[in-house]
Amino acid sequence: MKKIKVLHCIETISSGGVEVLRLGFGRNYDKERFDMRIVCTNAKGPIKEALEKEGIQIIQVGSFKSPFEFSKYRQVLAVIKKFSPHIIHGAVFEGMCMASICGVIGRVPIIILEETSDPQKRSIKAIWLQRLLAKVADVVIGISPSVAQYLTEKAKIPSKKVLLLNNGVDNLHLLSSNNDLQRKDIFLKSFDYVLGSVGRVHDNVKRYSDILKALKILNDPKIKFLLIGDGPDLDKLKVLAKELGVENQFFPLGFKENTSNYYQLMDCFCVPSLQEGFGLVAVEAMFHHLPVVATAVGGLKDVVQNEVTGLLVPHSDPQSLAKCINHLINNPEISLKMGKEGFLRASNLYGIEAYTNALEKLYLSLMAKDNQLTNFKNC
């Protein structure tokens, strides 16, 4: 039997959650049944290399200046003509535009769109455009209950088209490496209390600056902040740490391909985002038995159970963040219990196997509904 061809359309492949999820799926999907390729705006770094090692072809079309940059669509249509996908699956706004517009023009039988952000502050014009794109889609995926609710209630996409499909973490790959990294290797002391975070350093979204401000409030030199990630605001954070007098407590290590070694050095994980569609790093932390202090926004308030697997705080509130961190420091037995509960929740709900099985099942069901699977088997 020939393979079912799936063309994924996303924005940049660098170190974000969307491409990490595609990599997890790429490592685990049934390669005897499906053939997966990716169209993106730009690609670089270890995730690109890891995808290519899995045999997944990546085609770059360049950055979009507007949703109606038709020169980019011509490049995507050329890919469609050559690859002849049965399914086109677009995530992130640029990816949704590529999938819907090129899917229709290129006569791809099945079009799937996926909302990956926390779009509560999206403009009316952008919501109208998303609603228009969704008209040609067979399914619109929401990656968390909060995002699915946005799609039906605010974007006004018919509920019969909206599917909740929780993101998944490639926990088997995440936990497979042997940890030979010690705290002393990065100049941490054994008695330090280590707050950790992982992600792109865009402070207007992730707000790592709130963790630095919480350090100032806590005023305890034994509390350290370990940040794994890179981005345009990293130097600004270093300047802020110096201004606050906590530069000796701030350990920004940049992007690391193997994050598992660093999770295992942490005592508590912090996600101080202003907005978050899902919060993959919170789940990764839960797989490492860490209590999670997160802002009550987007998918984070679905992933983290307040006072069970962690603590939820208002966004942009360093004082509340400091209070929760202090509570965990002074109550290690509560931290330990939250870590255990978080691991159980992550294992039951957010593993990559469950995500992969659900997405493959969606592809097959849509093929069958479109009478493609029956015809496909007879090829």
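Helices (H or I, at least four residues) and strands (E, at least two) are DSSP runs, numbered from the N terminus. By that definition, the protein chain has 17 helices and 13 strands. This is a predicted model, in which local features need pLDDT of at least 70, side-chain atom pairs count only at pLDDT 80 or more, and totals for chains, interfaces and linings use all residues. Residues are numbered from 1 along each chain as its sequence is written, and side-chain values use heavy atoms, with hydrogens and water left out.

**Overall build**

Let's start with the whole chain. Its C-alpha atoms fill a box of roughly 65 × 45 × 35 Å along the principal axes. The radius of gyration (taken over C-alpha atoms) is 21 Å, and this agrees with the value near 21 Å for a compact globule of 379 residues; the globule rule is 2.2 Å times the number of residues to the power 0.38. Of the 379 residues, 56% are buried, where buried means under 20% relative accessible area, exposed over 50%, and partly exposed in between (1.4 Å probe, protein chains only). Counting contacts (heavy atoms within 4.5 Å) with a separation of 6 or more, 68% join residues 24 or more positions apart.

**Cysteines**

How many disulfides does the structure hold? Zero, taking a disulfide as a pair of cysteine sulfur atoms within 2.5 Å. The table shows two cysteines that are in no disulfide.

| Cysteine | Nearest cysteine sulfur | Relative accessible area |
|---|---|---|
| Cysteine 9 | cysteine 102, 7.0 Å | 0%, buried |
| Cysteine 324 | cysteine 268, 9.0 Å | 15%, buried |

**Tyrosine 29**

Here is a residue to look up in the model. Tyrosine 29 lies in the loop between helix H1 (17-28) and strand S2 (34-40). Is this tyrosine 29 buried or exposed? Tyrosine 29 counts as buried, at 7% relative accessibility. Leaving aside neighbours within four places in sequence, tyrosine 29 is in contact with Phe34, Met36, Ile56, Thr356 and Glu360. Isoleucine 59 is 30 residues from tyrosine 29 in sequence, and their C-alpha atoms are 20 Å apart in space.

**Valine 136 and the surface**

Now to the outside. Valine 136 sits in the loop between helix H5 (124-134) and strand S6 (139-142), and is partly exposed, with a relative accessible area of 35%. Together with Val104 and Ile105, Val136 makes a nonpolar surface patch of about 250 Å². Patches are made of residues with over 30% relative accessible area and no salt bridge (a side-chain nitrogen of Lys or Arg within 4 Å of a carboxyl oxygen of Asp or Glu); like charges are joined within 9 Å, and nonpolar side chains (Val, Leu, Ile, Met, Phe, Trp, Tyr) within 5 Å.

Technical notes. Accessible areas come from the Shrake-Rupley method with a 1.4 Å probe; for residues, only the protein chains shown count as cover.
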